[in-house]
Amino acid sequence: MASTSTTQKSNNSPLPDLKDFVAIDFEAANAAFTSVCSIGVVIVKDREIVKTFYSLIKPVPNFYDFYTTKIHGLKKKDTDDAPIFPQVWNAIKNEVKDLPIVAHGKAFEDNCLKALFKYYHIRKPKYQIYCTHRASEILFPELESHKLNAVAAHCGYDLTKHHHALADAEACAVIAMKVFDSTHL
């Protein structure tokens with residue numbers, strides 16, 4: 001079972017204390033939540049990164065708009081032969097299990113997961129999802145920006161491959177280890 005508690009330190013922060021969690025990041029081919037074209041997953045146990053996973057995914061619908069390609073550099077030819085989401089999910093679901101999920105801007109990742117589970121008729125697992133963006137706003141109000149790269153830099157992570165799903169998931173994991181740790185609150 002996931003190791004979480006809501007024990008708070010001096011400032012009565014509403015943030016959970018997470019020791020074990022999964023950081024997830026998706027890149028999308030277009031505006032549809034089902035159009036996930038890559039996934040980065042970082043498994044953290046006892047506040048240590050123990051496993052990483054990256055995969056391209058054949059998006060649904062399978063087209064890329066100019067804007068998303070400009071952001072992450074992926075094109076249709078990159079994912080035409082990629083596995084579909086259920087194949088990728090089957091490769092990671094036993095690692096993810098019932099661990100809490102963290103994401104930077106959790107609404108996007110949560111909406112993608114829900115849309116993909118529904119589209120592919122996959123039973124939606126029970127999970128808690130936490131937002132490192134919101135947590136960083138609470139804990140680091142002095143930052144001019146709470147974008148992933150800015151918060152990652154503040155937490156000591158050099159995000160040189162921004163918008164690569166695994167690099168973004170790793171940055172999110174590093175941030176989560178700082179912001180969801182009651183010993184630092």
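How many salt bridges does the count come to in this structure? I began my notebook with that point, and the count comes to six. I keep in mind throughout that the model I am reading is a predicted one.

**Entry 1: salt bridges**

I looked up Lys51 and found that it forms a salt bridge with Glu95, with the closest N and O atoms 3.2 Å apart. Lys51 lies in strand β5 (residues 48-56) and Glu95 in helix α3, so this pair ties together parts that are 44 residues apart in sequence. I then checked how much of each partner is accessible, and noted that Lys51 is partly exposed, with a relative accessible area of 40%, while Glu95 is also partly exposed, with a value of 33%.

I turned next to Asp80, which forms a salt bridge with Lys76, the closest N and O atoms being 3.0 Å apart. For Asp80 I wrote down a relative accessible area of 29%, which makes it partly exposed, and for Lys76 a relative accessibility of 38%, which again counts as partly exposed.

In helix α5 (residues 132-139) I found Glu137 and Arg134, which are three residues apart and therefore separated by about one helical turn. Their salt bridge brings the closest N and O atoms to 3.2 Å. Glu137 counts as partly exposed at 30% relative accessibility, and Arg134 counts as partly exposed at 48%. I also noted a network, in which salt bridges that share partners join Asp17, Arg47 and Asp181. As a general reminder to myself, side chains of opposite charge can pair when their charged atoms come close.

**Entry 2: Asp110 and helix α4**

Is Asp110 buried or exposed? I looked up its accessibility because I wanted to place its side chain, and Asp110 is buried, with a relative accessible area of 13%, under the 20% cut-off for that class. Asp110 lies in helix α4, which runs over residues 106-119. Its side chain makes a polar contact of 2.7 Å with the side chain of Tyr127. When I left aside the neighbours within four places in sequence, I found Asp110 in contact with Tyr127 and Ile129.

I then read the helix as a whole, and α4 has 14 residues and reaches 20 Å from its first C-alpha to its last, which is close to the 20 Å expected at 1.5 Å a residue. The buried residues of α4 are Glu109, Asp110, Cys112, Leu113, Ala115, Leu116 and Phe117. What covers these buried residues includes the strands β3 (21-28), β4 (36-45), β6 (101-103) and β7 (129-131), together with helix α3 (85-96). Just after α4, I noted that His121 takes a positive phi of about 55 degrees.

**Entry 3: helix α5**

Which residues of α5 are buried? I listed Thr132, Ala135 and Ser136. They cover an arc of only 100 degrees around the axis, which puts them on the same side of α5. I also looked up what lies against them, and the buried residues of α5 pack against β6, β7, α6 and α7.

**Entry 4: the loop between α6 and α7**

I went to the loop between α6 (148-154) and α7 (165-179), where Thr160 has its place. Thr160 counts as exposed, at 63% relative accessibility. I compared its position with that of Asn149, and the two are 11 residues apart in sequence and 8.6 Å apart in space, C-alpha to C-alpha. His163 is found in the loop between α6 and α7 as well, and it has a positive phi of about 75 degrees although it is not a glycine. With a relative accessible area of 29%, His163 is partly exposed.

**Entry 5: backbone points in two other loops**

Before writing this entry I reminded myself that most residues other than glycine have a negative phi, and most peptide bonds are trans. Asp46 has a positive phi of about 50 degrees although it is not a glycine. I placed Asp46 in the loop between β4 and β5, and recorded it as exposed, with a relative accessible area of 56%.

Where is Pro61 placed? I found Pro61 in the loop between β5 and α1 (66-72). The peptide bond that leads from Val60 to Pro61 is cis, with omega near -5 degrees.

Note on methods
Residues are numbered from 1 along each chain as its sequence is written. This is a predicted model: local features need pLDDT of at least 70, side-chain atom pairs count only at pLDDT 80 or more; totals for chains, interfaces and linings use all residues. Side-chain values use heavy atoms; hydrogens and water are left out. Helices (H or I, at least four residues) and strands (E, at least two) are DSSP runs, numbered from the N terminus. Buried means under 20% relative accessible area, exposed over 50%, partly exposed in between (1.4 Å probe, protein chains only). A polar contact is a pair of N or O atoms within 3.5 Å; within protein, one must be able to donate a hydrogen and the other to accept it, and residues adjacent in sequence count only if both atoms are side-chain atoms. Contact means heavy atoms within 4.5 Å. The expected span of a helix is 1.5 Å times one less than its number of residues. A salt bridge is a side-chain nitrogen of Lys or Arg within 4 Å of a carboxyl oxygen of Asp or Glu. The arc is that of the directions from the helix axis to the C-beta atoms.
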